[in-house]
Amino acid sequence: MKKVGVAILGLGVVGGGTYKMLTEHREFYQQTQEIDIVVENVLERDKQKALALGVQESKIASNIAEICSNPDVDIVIEVMGGVEPARTFVLSALNAGKSVVTSNKELFCKYNHELEKAARKNNCGLFYEASCVGGVPVIRALLDNLQGNKVLSMMGIINGTTNYILTKMTDEGASYEEVLKDAQKLGYAEANPTADVEGYDAAYKLSILSSLAFHTKIPFGKIHREGITKITPADIQYGKQLGYVLKLLAIGKNTEDGIEVRVHPTYIKKSHPLASVNDSYNAVYITGDCVEDVMLYGRGAGAMPTASAIVGDVIYCATHPTFRYSTFKNTAEADPAVKFIDNFKSAYYIRLDAHDKTGVLAKVSSIFSRHNISVAQMIQEDDGKEDGHVPLVFITHMTKEKSVMKAVDDINATSEIAEVVSVIRVVS
Ligand code: HSE
């Protein structure tokens with residue numbers, strides 16, 4: 001039976017899960033895959049952590065060089081996270097002729113051109129299913145099963161932390177700050193939640209997924225990114241009233257006019273399949289020109305779901321004689337011939353805090369009309385505060401991003417009339 005030696009860099013939550021899965025399922029893989037996957041080394045600063053997992057002391061490497069020079073190691077699994085030292089370690093492994101499996105979205109998003117160059121040069125595999133949407137096999141779906149399609153668009157809930165927070169805010173009417181605090185206590189959100197709540201994590205993943213889907217390099221810097229920190233219970237409530245659910249969506253579209261890629265809070269109709277993706281679950285909704293709509297749903301994070309993606313890659317690497325790389329020219333920057341659309345079209349939710357006096361609506365309407373914005377729905381309800389202000393909520397027809405932003409500036413410039421409290425895009 002073919003023996004496959006692996007080394008695991010980092011025994012945190014995901015590394016520990018991967019070690020557990022590989023060791024507990026070893027016989028199962030022998031039977032089903034006819035390969036014997038053996039953990040030959042681990043790299044973990046906390047020796048006690050490794051020993052507690054059951055790693056033999058002799059398998060704990062003291063540095064990356066030891067792993068790179070170990071002839072029994074065929075595949076290096078990088079689950080350390082962050083850019084350095086992960087980048088240096090992965091490059092060392094590839095240059096030593098080891099294939100690499102990584103779960104590191106930030107590293108892969110920012111440096112996949114460099115990693116792929118090293119993998120090609122050394123004829124090694126480079127696998128990254130676990131970098132996007134944890135246990136949900138979206139990378140392989142794009143790389144293999146959907147290759148025959150022109151992917152027209154993708155929309156995803158690809159960050160579990162923000163989906164958990166928005167679900168709780170929706171179900172309980174609680175504020176962002178309250179829910180975040182609870183999520184941190186329960187271990188759903190990091191002590192420093194910036195990468196998740198400001199949309200960086202989702203944007204790293206969207207960069208990787210949309211590059212694959214649209215066969216062209218989509219660098220992180222091309223992605224319009226907004227997080228969920230300004231979302232209020234009032235916005236969620238008004239959305240409900242209008243038949244929408246609020247989600248942090250990652251959206252990629254490949255149109256005749258160019259590519260648009262964006263991560264921002266978005267209202268979607270309650271009837272849309274993504275609207276029922278709740279708590280920390282993730283889903284990606286892909287539309288191909290032939291397959292039509294496909295939705296992949298599951299756990300986007302966590303020790304065992306992410307380990308599932310990693311071990312799937314290890315098995316794929318060990319059972320395929322040749323490796324495939326990107327289907328596009330993988331450079332650091334975008335192809336200059338590709339047009340990116342920043343003035344994208346969408347419907348919008350615009351909430352104003354208006355002075356409760358004659359002429360306010362007429363004034364706001366004239367600003368909308370000046371910027372070619374047509375209103376589809378409106379809510380004007382007395383909030384009972386008797387403070388001389390009323391909330392005004394508008395849903396627009398499809399319009400252009402820059403027109404809305406100019407209208408917002410104009411409304412804010414007439415602050416004796418009204419102020420814009422929130423602007424949220426709507427998928428209609
Ligand atoms: N922090 C991520 C999330 C998981 O909340 O979805 C890993 O990408």
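**A walk through the model, from one loop to the ligand**

I would like to begin with His215, which lies in the loop between H11 and strand S8 (224-225). Please keep in mind throughout that this is a predicted model. What is unusual about this histidine is its backbone, since His215 has a positive phi of about 55° although it is not a glycine. For those of you new to this, most residues other than glycine have a negative phi, and most peptide bonds are trans.

That brings me to a second backbone feature, elsewhere in the chain, where the peptide bond from Glu84 to Pro85 is cis, with an omega near 10°. Pro85 itself is found in the loop that runs between strand S4 (75-78) and helix H5 (86-95).

Let me now step back to the chain as a whole, which is divided into domain 1 (2-131), domain 2 (138-298) and domain 3 (345-427). If we take the centres over C-alpha atoms, domain 1 and domain 3 are separated by 53 Å.

Now to the ligand, which sits in the largest pocket. Two elements give two or more residues each to the shell around the ligand, and these are helix H8 (160-172) and helix H11 (200-214). Which residues surround the ligand? They are Lys105, Asn159, Gly160, Thr161, Asp196, Asp201, Lys205 and Ala301, and by character this shell divides into one nonpolar, three polar and four charged residues.

Three of these side chains deserve a careful look, and I will take them in sequence order. A polar side-chain atom of Thr161 lies 2.5 Å from an oxygen atom of the ligand. For Asp196, the partner is a nitrogen atom of the ligand, which lies 2.9 Å from a polar side-chain atom of that residue. Asp201 again faces an oxygen atom of the ligand, with a polar side-chain atom at 3.1 Å.

How much of the ligand's accessible area does the protein cover? On its own the ligand has 260 Å² of accessible area, and the protein covers 82% of that.

To close, I would ask you to find helix H11 once more in the structure above, as this helix contributes to the shell around the ligand and also borders the loop in which we met His215.

Conventions
Residues are numbered from 1 along each chain as its sequence is written. This is a predicted model: local features need pLDDT of at least 70, side-chain atom pairs count only at pLDDT 80 or more; totals for chains, interfaces and linings use all residues. Side-chain values use heavy atoms; hydrogens and water are left out. A residue is near a molecule or strand if one of its heavy atoms lies within 4 Å of it. A polar contact is a pair of N or O atoms within 3.5 Å; within protein, one must be able to donate a hydrogen and the other to accept it, and residues adjacent in sequence count only if both atoms are side-chain atoms. Accessible areas come from the Shrake-Rupley method with a 1.4 Å probe; for residues, only the protein chains shown count as cover. On a 1 Å grid over the protein atoms alone, a cavity is a set of points where a 1.4 Å probe fits but cannot get out, and a pocket is an open set with protein on both sides within 12 Å along at least five of seven lines; lining residues have an atom within 4 Å of a point. A molecule sits in a cavity or pocket if more than half of its atoms lie within 2 Å of its grid points. Helices (H or I, at least four residues) and strands (E, at least two) are DSSP runs, numbered from the N terminus. Ala, Val, Leu, Ile, Met, Phe, Trp, Tyr, Cys and Pro count as nonpolar, Asp, Glu, Lys and Arg as charged, and the others, Gly among them, as polar. Domain bounds come from an automatic or database domain assignment.
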